[in-house]
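Colleague: Could you walk me through one part of this model in detail? I'd like the small sheet and how its strands line up, and then where that leaves us with the rest of the chain.

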Amino acid sequence: MTTKVVPGSLVALPDGEAVAREAANRLGNCIRNAIDTHGYATVALSGGSTPGPAYAALAENSRIDWAKVEFFFVDERAVPPDSPRSNYRMVKEALFDRVPIPAERIHRMQGEALDLAAAAREYDLEIRSRLRWSESGMAEFDVGVFGIGDDGHTASLFPGEPTVDKTDRLVVDVPAAGNREARLTLTAPVIEQMRVALVLAVGKNKQEPLERVWAASGDVHVTPARYLREVRSVIWLIDKAASGLG
Ligand SMILES: O=C1O[C@H](COP(=O)(O)O)[C@@H](O)[C@H](O)[C@H]1O
């Protein structure tokens, strides 16, 4: 039998809509707290199919001073920004197009770059120039939104890829593999250093990878989403199906 103690807080909700509402509330609160404390907030957003409704719900939050929020990305696919596969496009349509965010506050990963390694280095520098640094010497986002792939990946840290172990960069490029396009992604040390991670999981396909993430022991090379366990405040927002009760 596998032992598990869910690290951080687990919030189990009836369905995907409830997960989106809860995620939007919590993200809005993290943003407002950071603005109250530091005068601005730094946020890293994931893409994929799960978080769009949460971003759309966040756009309805009238208590956020959008000019004081710096939006970054957790990862991006090697596609142009208008591609239906682009994480940026999804967030733009759900959030950026609906609220008064100054363009210079949106830090997009250049998924369309011919030289993705150079794009990763540039994004690394952009983060270094904008973020506060922790006492341990790491860029510190106020909050990150994450998903979990059916294979146990988070961000674009995929099982078995050498990028899972990268610690000397904040951002790396991930080579294409199989029918997956190349990617840009934040690395594990940046993810672990976030003040808060909101992890969204909806649907029964997420049950098995979540079990692997929560198991008392496991290997980040097999389940890279286990890095999320290290975030000081990690909140799992899951629906009934992902919990195995649906
Ligand atoms: O490829 C990706 O997958 C994960 C999980 O996405 P989902 O579609 O299962 O919600 C996502 O967090 C990541 O940003 C994305 O690029």
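Modeller: Start with Arg77, which sits opposite Arg183 of β9. That pair belongs to an antiparallel match: β4 and β9, the latter covering residues 183-186, are joined by three bridges. This is a predicted model, by the way. Zoom out one step and you get an open sheet of three strands, ordered β4-β9-β8 and paired antiparallel. Its edges are β4, at 75-77, and β8, at 171-174, each of which pairs on one side only. On average, neighbouring strands here are turned by 15° against each other, if you ignore direction. Helix α4, residues 116-130, packs on this sheet and touches β8 and β9. The direction of α4 makes about 160° with that of β8.

As background, strands in a sheet pair through backbone hydrogen bonds, and they can do so parallel or antiparallel. You get the parallel version elsewhere in the chain: an open sheet of six strands, in the order β1-β11-β10-β7-β2-β3, with parallel pairing. There the edge strands are β1 (9-13) and β3 (69-73), each pairing on one side only. Neighbours in the six-stranded sheet are turned by 20° against each other on average, again with direction ignored. Helix α1, which runs over residues 16-38, packs on that sheet and touches β1, β2 (41-45), β3, β7, β10 and β11 (234-239). Set against β11, the direction of α1 comes out at about 160°.

For a residue-level view of the parallel pairing, try β7 (residues 143-147) and β10 (residues 197-201): the two run parallel and four bridges join them. Within that match, Phe146 has Val199 in β10 as its bridge partner.

Now the ligand. It is surrounded by 13 residues, and the closest are Ser46, Gly48, Ser49, Thr50 and Gly147. Sorted by class, that shell holds 10 polar residues, two nonpolar and one charged.

As for the whole thing, the protein chain has seven helices and 11 strands. Its C-alpha trace spans about 50 × 40 × 40 Å along the principal axes. The radius of gyration is 17 Å, which agrees with a compact globule, because 246 residues packed that way would give a value near 18 Å.

And how far does the predictor back all this? The mean pLDDT of the protein chain is 97, with 99% of its residues at 70 or more. For the complex, the predictor gives an ipTM of 0.94 and a pTM of 0.97.

How values were computed: Residues are numbered from 1 along each chain as its sequence is written. This is a predicted model: local features need pLDDT of at least 70, side-chain atom pairs count only at pLDDT 80 or more; totals for chains, interfaces and linings use all residues. Two strands pair if DSSP finds at least two bridges between them. Axes are lines fitted to C-alpha atoms, for helices over the stretch in contact, and angles run from 0 to 180 degrees between N-to-C directions. Two residues are in contact if their C-beta atoms, placed from the backbone, lie within 7 Å. pLDDT is the predictor's confidence in each residue, from 0 to 100. A residue is near a molecule or strand if its C-beta atom, placed from the backbone, lies within 6 Å of it. Ala, Val, Leu, Ile, Met, Phe, Trp, Tyr, Cys and Pro count as nonpolar, Asp, Glu, Lys and Arg as charged, and the others, Gly among them, as polar. The radius of gyration is taken over C-alpha atoms; the globule rule is 2.2 Å times the number of residues to the power 0.38.
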